[in-house]
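Work through the exercises below with the model open. Try each task before reading its solution.

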Amino acid sequence: MWLRSVIRPRPERRFEVRELAPDELCERFPDQALWIFSGALGFPRDSSRVRSFADTIRRHTGYGGFRAFGALNVRGRLVGFSYGYSSQPGLWWREQISEPLTPDERDFWLRDAFEFAELHVHPTAQGRGLGSRLHDALIAAHPHATALLSVMHRSAVARHLYASRGWETLVEDMRFSTEPQTAFSILGWRRPAQGKTP
Ligand SMILES: CC(C)(COP(=O)(O)OP(=O)(O)OC[C@H]1O[C@@H](n2cnc3c(N)ncnc32)[C@H](O)[C@@H]1OP(=O)(O)O)[C@@H](O)C(=O)NCCC(=O)NCCS
């Protein structure tokens, strides 16, 4: 008994994972969100990809069903976040990823779906379980039957995280019109039947 409590991994206590109000990402933590995004994906902080992400967050927070979670250190600094929203016909990402799906797949995966839009942890805080907690909190919070996301082929840790949580590959090699040189996969999560664990 004593030995088990010594070797069991203890939850990381120097960080808090909590829900963020829709405006917190862009009003309270705008610089920290961009710092995390650029650090996690390896884009220069002053690149257009990072600067335009500020507008992207602002737009996404206005979508129906928006939910977000943040990981904060003891000083209250944001070091990671996850967010998503209800998928609606006409949204750009949904239209792109629905193209390679069959009509049956579209019906199943898009009828009542959550777009799991972002999950990032700054490199200084990675490997402590925060990405997993941010993922699990967002999945637990949304009410939809399915969830969908795109992940870059090069994001090996993210792909491992999603595979370990039951995400299925719907499209192995997806190219978006905005960055056709980057290989993504489209993954889908289905709500487990009641009484079953994922
Ligand atoms: C993906 C990401 C959010 C994971 O965050 P994290 O806090 O490091 O993740 P965790 O500590 O919870 O680890 C998740 C899993 O990956 C494993 N892992 C973490 N870092 C790893 C590393 N450097 N090498 C190999 N495996 C690693 C963990 O062991 C854990 O696996 P387990 O559940 O089987 O034990 C983070 O790496 C990140 O921000 N990456 C860049 C952005 C990105 O790709 N986002 C996803 C967009 S779809």
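The exercises go from the whole fold to one strand, then to the ligand shell and a single residue.

This is a predicted model: local features need pLDDT of at least 70, side-chain atom pairs count only at pLDDT 80 or more, and totals for chains, interfaces and linings use all residues. Residue numbers start from 1 along each chain as its sequence is written.

**Exercise 1. Overall build**

Task: Find how many helices and strands the protein has, and state why it counts as compact.

Solution.
- Step 1. Count the elements. The protein has eight helices and seven strands. Helices (H or I, at least four residues) and strands (E, at least two) are DSSP runs, numbered from the N terminus.
- Step 2. Compare radii. The radius of gyration, taken over C-alpha atoms, is 17 Å. The globule rule (2.2 Å times the number of residues to the power 0.38) gives 16 Å for 198 residues. The two values are close, so the protein is as compact as a globular protein of that length.
- Step 3. Add the extents. The C-alpha trace spans about 55 × 45 × 30 Å along its principal axes.
- Step 4. Check burial. Of the 198 residues, 29% count as buried. A residue is buried if 20 or more other C-beta atoms lie within 10 Å of its own, exposed if 12 or fewer, and partly exposed in between; C-beta atoms are placed from the backbone.

**Exercise 2. The sheet**

Task: Give the strand order of the open sheet and name its edge strands.

Solution.
- Step 1. Trace the pairing. Two strands pair if DSSP finds at least two bridges between them. The order of the seven strands is β1-β2-β3-β4-β5-β7-β6, with mixed pairing.
- Step 2. Find the edges. β1 (15-20) and β6 (168-174) each pair on one side only.
- Step 3. Take the turn. On average, neighbouring strands are turned by 20 degrees against each other, direction ignored.

**Exercise 3. Around β3**

Task: Describe how β3 pairs, which helices lie on it, and how many of its residues are buried.

Solution.
- Step 1. Take β2 (67-73). β2 and β3 (78-86) pair in the antiparallel sense over six bridges. Phe-81 is the bridge partner of Gly-70. Four residues lie between the strands of this hairpin, where Gly-76 takes a positive phi near 80 degrees.
- Step 2. Take β4. β3 and β4 are also antiparallel, over seven bridges. Here Tyr-83 has Glu-118 as its bridge partner.
- Step 3. Add the helices. α3 lies across β3 and β4, at about 95 degrees to β3. α7 touches β1, β2, β3, β4, β5 and β7 (184-190), and its direction makes about 25 degrees with that of β3. Axes are lines fitted to C-alpha atoms, for helices over the stretch in contact, and angles run from 0 to 180 degrees between N-to-C directions. Contact requires C-beta atoms, placed from the backbone, within 7 Å.
- Step 4. Count burial. Eight of the nine residues of β3 are buried.

**Exercise 4. The ligand shell**

Task: Which element gives the largest share of the shell around the ligand?

Solution.
- Step 1. List the nearest residues. Of 20 residues around the ligand (C-beta atom, placed from the backbone, within 6 Å), Gln-126, Gly-131, Ser-132, Ser-155 and Ala-158 come nearest.
- Step 2. Assign elements. Those giving two or more residues are α3 (30-41), β4 (113-121), α7 (130-141), β5 (146-152) and α8 (156-164). The largest share, five residues, comes from α8.

**Exercise 5. Val-171**

Task: Is Val-171 buried, exposed or partly exposed?

Solution.
- Step 1. Locate Val-171. Val-171 sits in strand β6.
- Step 2. Count neighbours. Val-171 has 17 C-beta neighbours inside 10 Å, so it counts as partly exposed.

Note on methods:
Contact = placed C-beta atoms within 7 Å.
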